[in-house]
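Trainee: I should like to be introduced to this structure through a few questions.
Mentor: Please begin once it is shown.

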Amino acid sequence: MRAPYGSGPLAPAVLAVRGAALLLALVALAHTSVHGLAEPGLALVFGLLVAAGELIRRDSAAGEREPAPLAAAGALAYALLGESAGRPTTHGALQVIAVVVVAQALCAVPRRARGRRRDADRAARRTLTVGFAAVCFQPLYHSGQAEHWFGDGPYFPLFPLAVLALTALCDAVLAALLARSAARAEGPGARPPYGSLLVDEVRALAGTGTAIGVTGAVTALGVAVAGPWAPAVLCGPLLLTQVSARRYAAVRTTCRQTMASLARATEIAGYTPPGHARRVAALATAVGRELGLTGPRLTVLEHAALMHDIGQLSLVDPVAGGATALLPAAEQRRIALLGGAVVRRTGAGPAVAAVVERQADPYREQPLAARIVRTVNAYDDLCGEGVGGPLGALEHLRLGTGHDHQPQVVEALGRVLARGGLTPAGAG
């Protein structure tokens, strides 16, 4: 079971991110208080844009991303704003940070009252990301250094684009760092390698991240030409994108809940021990991350692990203890093929069905996801059969690396279990 977020001590990485964001926010607020608010009209427009984006954001379940693209684009646009209706702006980098911090703080009050504990990390990440963009853009633009480097012709747009690219990389680094720190509450061995998470975050930038960056840059250019009314027109498409992304996330969440319910059917019918599918899915996902799987490939692995035993519902008599790993190879393949046929009718996708169908094949003929499901399922079955506990189960798997289990998968499983402690798979 996942521990409630925020229970227990915070990881050093989370404390460092929050501390840096808090220090930056305090400096920005103090500077703005002392020197006054430059161009209050523009500050109000972009503050309201960030606040509106935060208010319409909804927290997502089951790990689905629900960023606040409208808020992020508005904050980036303010950071990249050098002119308004043809006149140079004077707000500077610290005022950008102060406006974003105040807008987030005002929106955090109702969300905090509803128990949204993760908002602190999200706010810290945005503060640092927007601060990075503003510090890179504002001094270079107003000092004329950017124009000296890029000229004022067709190459000048490369300057904000370069700032956006560096900002996106900064955001991905922070997101992966926070995700890895949060994963330590997921259970034994759930802390994935940082490199895999960083690759996952960088790949995610190709979707909503690109839309946010482009909208932020276009909004800043629009304000430079048309004045503070431009955001009302230019951010409309991103608002529609956010609504569409929310609906897509809702469909994915419903699909995952359906698969989890089907996976529990084998437990309710008495074919598998309680919690078996959940344990295999959690441990298989951790092993997949250990082996470098990210994004859609990791999702396919998780869904296949949840559904890997659904074929047992075709059996007249349940397997003793639900331990299919101890059955003859031909019977294992029959159950796997029946399970794959069921999965193909659930809407989970052909990739998930293929993994379920091939989990009982010799590992040299399997895709990596099927090798992981086969090994982790066998580990959980062996722990339930009392073969000497987790160490005995791992030793049994190592003896089967000649035909049944890929050595690299078994060793990755061992590393994951070692990081979380070699506890019985059925515990909890």
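**The enclosed space**

Trainee: How many cavities of 30 Å³ or more are counted by this rule?
Mentor: The model is predicted: local features need pLDDT of at least 70, side-chain atom pairs count only at pLDDT 80 or more, and totals for chains, interfaces and linings use all residues. Residues are numbered from 1 along each chain as its sequence is written, and side-chain values use heavy atoms, without hydrogens and water. A cavity is a set of points, on a 1 Å grid over the protein atoms alone, where a 1.4 Å probe fits but cannot get out. With 30 Å³ or more as the limit, the count is one cavity.

Trainee: Which elements give two or more residues to the lining of the largest cavity?
Mentor: Lining residues have an atom within 4 Å of a point, and among them are Ala 263, His 276 and Leu 306. Helices are DSSP runs (H or I, at least four residues), numbered from the N terminus. The elements giving two or more residues are helix H10 (236–268), helix H11 (276–290) and helix H12 (295–307).

**Helix H2**

Trainee: Is Leu 55 buried or exposed?
Mentor: Leu 55 lies in helix H2 (residues 40–55). Buried means under 20% relative accessible area, exposed over 50%, and partly exposed in between (1.4 Å probe, protein chains only). Because its relative accessible area is 54%, Leu 55 is exposed.

Trainee: How far apart in space are Val 45 and Pro 231, C-alpha to C-alpha?
Mentor: Val 45 is placed in helix H2 and is partly exposed, at 26% relative accessibility. In sequence, Val 45 and Pro 231 are 186 residues apart. In space, their C-alpha to C-alpha distance is 8.2 Å.

Methods:
On a 1 Å grid over the protein atoms alone, a cavity is a set of points where a 1.4 Å probe fits but cannot get out, and a pocket is an open set with protein on both sides within 12 Å along at least five of seven lines; lining residues have an atom within 4 Å of a point. Grid points are joined across faces, edges and corners, and a volume is the space filled by probe spheres set on the points.
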